[in-house]
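The following paragraphs go through selected parts of the structure below. Please keep the sequence and the coordinates at hand while reading.

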Amino acid sequence: MEPKSTTNIFNKETWANFGLLATLPLCAIGVYIWWVIYHYLPDLSAWATYSILPLEKGSHLGASVEFFLYDTPKVMMLLFLVVFGVGILRSFFTPEKTRAFLSGKSEFAGNVFAALLGIVTPFCSCSAVPLFIGFVTAGVPLGVTFSFLIAAPMVNEIALGLLYGLLGWKVAAIYMGTGLFIAIVAGWVIGRLKLENHIEDWVTQANISAVSIEEEKLTFNDRIIYGWDAVKEIIGRVWIYVILGIAVGAGIHGFVPQGVMASIMGKGSWWSVPLSVVIGVPMYSNAAGIIPVVEALLGKGAALGTVLAFMMSVIALSLPELVILRKVLKPRLIATFVGVVASGILLVGYLFNMII
Amino acid sequence: MEIKVLGPGCAKCNKTAKMIEDVIKETGADATVEKVTDMMQIASYGVFGTPSVIIDNDVKCTGKVPKKDDIKAWLNK
C-alpha cells in the first residue's frame with residue numbers, strides 16, 4: 001500500500017485552501033488598480049483627444065471623440081466590476097431554487113418575490129420558454145411567472161451598474177424602483193385577468209417529468225470562478241452593443257445642439273412619452289447598449305420620464321422575445337402582456353415628467 | 001451511451017455539443033450526441049435552463065456550459 005501524502009502539491013484540496021488565501025489579496029490589489037485607472041480616465045481621454053489626435057477643443061468632432069474615448073473604457077470597467085460582483089452573488093441562486101420558492105406563494109406576495117428574485121436569478125432570454133413552462137407546470141401562478149419574466153431582463157445588474165456609474169445613484173434607484181413596480185403590478189394584473197386558458201395547450205398537456213437535480217456544493221473559489229465566467233460570458237456578448245451605443249451617444253453629444261432634445265423629448269410635449277414607447281418596443285438592445293444613448297439624450301435636455309420610458313420599452317419588450325414567447329402563449333395573452341407592460345411604462349414616464 | 005444536448009440553438013448550446021463531440025473523439029468513447037432543439041421536447045425533460053445535458057435519460061447538468069473534466073467523467077462511467 002502506498003502511503004498517503006498529506007503535502008502533495010497536486011492535491012486538489014491543498015490548492016483550494018491556498019486559492020482562498022491567495023484570491024482575497026489578489027482581488028484587493030485588482031480593485032485598487034481598477035480604481036486608480038478609473039480615477040484618471042477623464043484626464044486620459046482629454047489628453048488622448050486633444051494631444052495625440054489633431055482635434056481642437058470646442059469642435060463638434062472633438063467633443064464626440066472625447067465622449068467616446070472617455071465612456072468606452074469607463075463603461076467597460078464598470079461592467080467588469082458589476083458583472084463580477086453580481087456573478088458571485090448569483091452563484092447562490094438558481095432557477096430551480098427560485099421556482100421551488102415561488103410555487104405555492106399567494107398572489108400578491110408571490111408577485112413581489114418573483115420580481116425581486118428576477119434581479120438575482122441567472123436568466124437568459126434564450127431560455128425564457130423552458131423557464132416559463134417549468135414555472136407554470138410546477139404550480140407557480142401565471143401572474144407570478146410574468147412578474148419574474150418582466151423583471152429578469154429589465155432590472156438587472158448590468159442596467160443598475162451602468163445607471164449608477166453614468167447617471168448617479170438617484171437615477172439607478174428610480175429605475176430599480178419603477179422597474180420592480182411595473183413587474184409586480186403588470187404580473188398581478190395578468191394574474192387577475194385569469195388568462196390561464198390562453199397558454200398553448202401543449203404546455204399544460206405535456207407530460208413533464210419532474211427531475212431533481214443534485215445541488216452542487218460550491219466553495220468560495222468556485223464562486224469566484226463563477227463570477228469570472230460571468231464576466232467572460234456577458235462582456236463577450238455585450239461589448240459590441242456597448243461600443244455601438246457609445247458611438248451613437250457620442251454623435252448625439254457632439255453634434256446635436258444643446259436643448260434640441262428639450263423640444264422633442266422634453267416635458268412640454270405630451271406625446272413624447274407614448275412616442276418613445278412606440279419607437280422603443282420593436283427596438284432590441286440590452287441595457288449596456290441603450291444606457292450610453294440615454295446619458296447623451298439627458299445631457300441634451302431630454303426629460304427623465306421620457307428617457308426612462310424609452311429605455312424600459314427597449315429593454316423589457318422586444319420583438320425577438322415575443323416571437324420566442326409565442327410558442328407557449330396564444331396571441332391574446334401576448335397582446336395582454338405587451339399592453340399591460342407598455343401601460344406601466346407610460347405611467348412611469350408621465351409620473352416622472354410630472355414630479356421632476 | 002446516448003447523449004442529448006437540450007437547447008434552442010443558442011451559442012452556449014452549440015458550444016456544449018461541440019465540446020462533448022470533441023471529448024468523444026479524444027477518448028474514443030462509445031457515445032452518440034444528439035441536439036434537441038424542439039421546445040416541447042426540451043420541456044418534457046423537466047429542465048428549464050439551457051443548455052442541459054442528458055445522458056441515458058439522466059440529467060447531468062443544466063443552465064450552463066459544462067467543464068471539460070466533467071464531460072470526461074460522465075463519459076468514463
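B:Leu6 has B:Val36 in S2(B) as its bridge partner. This pair belongs to the contact of strand S1 (residues 2–6) of chain B with S2(B), where the two strands run in the parallel sense and are joined over five bridges. The model is a predicted one, and what follows should be read with that in mind.

S1(B) also pairs with strand S3 (residues 52–55) of chain B, here in the antiparallel sense and over four bridges. In this pairing B:Val5 is opposite B:Val53 in S3(B). S3(B) in turn pairs with S4(B), again by four bridges in the antiparallel sense, and B:Ile54 lies opposite B:Val59 in S4(B). S3(B) and S4(B) form a hairpin, with two residues between the strands. One residue of that turn, B:Asp56, has a positive phi of about 45°.

Put together, these pairings give an open sheet of four strands in chain B, ordered S2-S1-S3-S4, and the pairing is mixed. Its edges are strand S2 (32–36) and strand S4 (58–62) of chain B, each of which pairs on one side only. On average, and with direction ignored, neighbouring strands of the sheet are turned by 20° against each other.

The next topic is helix packing in chain A. Helix H7 (residues 157–167) of chain A contains A:Ala159. Is A:Ala159 buried or exposed? A residue counts as buried if 20 or more other C-beta atoms lie within 10 Å of its own; A:Ala159 has 25 within 10 Å, and is therefore buried. Leaving out residues up to four places away in sequence, A:Ala159 touches A:Tyr175, A:Ala287, A:Ile291 and A:Ile315. The C-alpha atom of A:Ala159 is separated by 9.2 Å from that of A:Ile290, although the two residues are 131 residues apart along the chain.

A:Ala159 is also part of a helix-helix contact, since H7(A) meets H13(A) through residues that include A:Ala159. H7(A) packs with helix H13 (residues 287–299) of chain A at an angle of about 25°, and the axes are 10 Å apart. Angles under 35 degrees count as roughly parallel, so H7(A) is roughly parallel to H13(A). The crossing of these two helices, H7(A) and H13(A), is right-handed. On the H7(A) side the contact is made by A:Ile158, A:Ala159, A:Leu162, A:Leu163, A:Leu166 and A:Leu167, and on the H13(A) side by A:Ala287, A:Ala288, A:Ile291, A:Glu295 and A:Leu298. By class, the residues of the contact of H7(A) with H13(A) are 10 nonpolar, no polar and one charged.

A second helix pair in chain A consists of helix H12 (residues 272–280) and helix H14 (residues 304–316), whose axes come within 8 Å and cross at roughly 20°. H12(A) and H14(A) are therefore roughly parallel to each other, and H12(A) passes H14(A) in a right-handed crossing. The residues of H12(A) in this contact are A:Ser272, A:Val273, A:Ser276, A:Val277 and A:Gly280; those of H14(A) are A:Gly305, A:Thr306, A:Ala309, A:Phe310, A:Ser313 and A:Val314. What is the division of the residues of the contact of H12(A) with H14(A) into nonpolar, polar and charged? There are five nonpolar, six polar and no charged residues in the contact of H12(A) with H14(A).

Technical notes: Residues numbered from 1 in each chain as written. Chains lettered and ligands numbered in written order. Predicted model: local features only at pLDDT ≥ 70, side-chain atom pairs only at ≥ 80, totals over all residues. Axes fitted to C-alpha atoms, helices over the stretch in contact; angles between N-to-C directions. Parallel < 35°, antiparallel > 145°, perpendicular 65-115°, else oblique. Left-handed = near helix turned anticlockwise from the far one by under 90°. Contact = placed C-beta atoms within 7 Å. Nonpolar A, V, L, I, M, F, W, Y, C, P; charged D, E, K, R; others polar. Buried ≥ 20, exposed ≤ 12 C-beta atoms within 10 Å, placed from the backbone. Pairing = 2+ DSSP bridges.
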